[in-house]
Amino acid sequence: FSAYLDREAANYIDCPAIALFKYVFLAFLGPWLILAAAWRSFPSSRMGYGQIVLHKLIGICPWVKVLLCAAGFWFWSLCPNFGGGIGQALWMCYLALTTMFHTFFFAVLLLLAKGWMLTRELLTRGEALCLAVLIGSGYLVMAVHQLDPELTLPIVFCLYTCLLFAVWTSCAKNIGQLEERQ
């Protein structure tokens, strides 16, 4: 396996036509930064230990999005010099942050659906194993999806269907357990 890295400026790229990309990333950078800062500054003095852990876990997603928007803006600002070392590093950073965001988002969504730190502090071994498999599968599928989006689209659809089913059943089970307590 070999790869050829083109370090020359891409003169065939119409930079004004794709300049919209960098402005989209810049437009989303502000709201994500405000959300992340507001979430971080929310007072945790009135929370219990479990709520603080959950609060910090949920707060990871907006900060990853801030970094993602910054990397995307910086990358598209390099036009037409995408082939240089900094361009390649920024593109790899963008791909890694996108995969990380999806992984953290899936993890938070599944944990919230299970009621972790909201209605119960511990998960059973089977639930933890199921969550680990789903989150690991989500990471793997999203990482591969970054490399070939068209080919892996059916796999991503299957992943989202599995996540929807897992969240739906977890919420229903959690609500059922809460109703039994009353």
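This passage walks through a predicted model, from its confidence and helices to its cavity and a few single residues.

Some ground rules come first. Because the model is predicted, local features need a pLDDT of at least 70 and side-chain atom pairs count only at pLDDT 80 or more, while totals for chains, interfaces and linings use all residues. Numbering runs from 1 along each chain as its sequence is written, and side-chain values use heavy atoms, with hydrogens and water left out.

On confidence, the chain averages a pLDDT (the predictor's confidence in each residue, from 0 to 100) of 89, and 90% of the residues score at least 70. Among the elements of the chain, helix H3 (residues 60-77) has the highest mean pLDDT, at 95, and helix H2 (residues 49-58) has the lowest, at 80. Helices here are DSSP runs (H or I, at least four residues), numbered from the N terminus. As a general caution, predicted coordinates should not be read in detail where pLDDT is low.

Two of the helices can be checked against their expected span, taken as 1.5 Å times one less than the number of residues. Helix H1 (residues 15-41) has 27 residues and should therefore span 39 Å, and its end C-alpha atoms are indeed 39 Å apart. Helix H4 (residues 85-114), with 30 residues, should span 44 Å, and the 43 Å between its end C-alpha atoms agrees with that.

H1 also has a buried side to its story. Ala-19, Phe-25 and Ala-36 in H1 are buried (under 20% relative accessible area, 1.4 Å probe, protein chains only; over 50% is exposed, and in between is partly exposed). The buried residues of H1 pack against H3 and H4, where contact means heavy atoms within 4.5 Å.

Just after H4, the backbone has something to look at. Gly-115 follows H4 and has a positive phi, near 85°. Met-117, a residue other than glycine, has a positive phi too, near 65°. In general, most residues other than glycine have a negative phi. Met-117 sits in the loop between H4 and helix H5 (125-147), and it counts as buried because its relative accessibility is 15%.

Then there is the cavity. The structure holds 1 cavity of 30 Å³ or more. On a 1 Å grid over the protein atoms alone, a cavity is a set of points where a 1.4 Å probe fits but cannot get out, and lining residues have an atom within 4 Å of a point. Grid points are joined across faces, edges and corners, and the volume is the space filled by probe spheres set on the points. By that reckoning, the largest cavity has a volume of about 40 Å³. Its lining is made up of Lys-114, Arg-120, Glu-127, Ser-170, Lys-173, Asn-174 and Gln-177. Helix H6 (residues 149-181) gives the most to this lining, with 4 residues. By class, the lining of the largest cavity has 4 charged residues (Asp, Glu, Lys and Arg count as such), no nonpolar ones (Ala, Val, Leu, Ile, Met, Phe, Trp, Tyr, Cys and Pro) and 3 polar ones (the others, Gly among them).

Two of the lining residues deserve a second look. Glu-127, in helix H5, counts as buried because its relative accessibility is 7%. Not counting residues up to four places away in sequence, Glu-127 touches Lys-114, Arg-120 and Lys-173. Ser-170, in helix H6, counts as buried because its relative accessibility is 8%. With the same sequence neighbours left out, Ser-170 touches Ala-113 and Lys-114.

Two residues further along the helices are partly exposed. Val-144 lies in helix H5 and has 38% relative accessibility; its C-alpha atom is separated by 36 Å from that of Phe-42, 102 residues apart along the chain. Gly-176 lies in helix H6 and has a relative accessible area of 24%. The C-alpha atoms of Gly-176 and Met-47, 129 residues apart along the chain, are separated by 26 Å.

Conventions: Helices (H or I, at least four residues) and strands (E, at least two) are DSSP runs, numbered from the N terminus. On a 1 Å grid over the protein atoms alone, a cavity is a set of points where a 1.4 Å probe fits but cannot get out, and a pocket is an open set with protein on both sides within 12 Å along at least five of seven lines; lining residues have an atom within 4 Å of a point.
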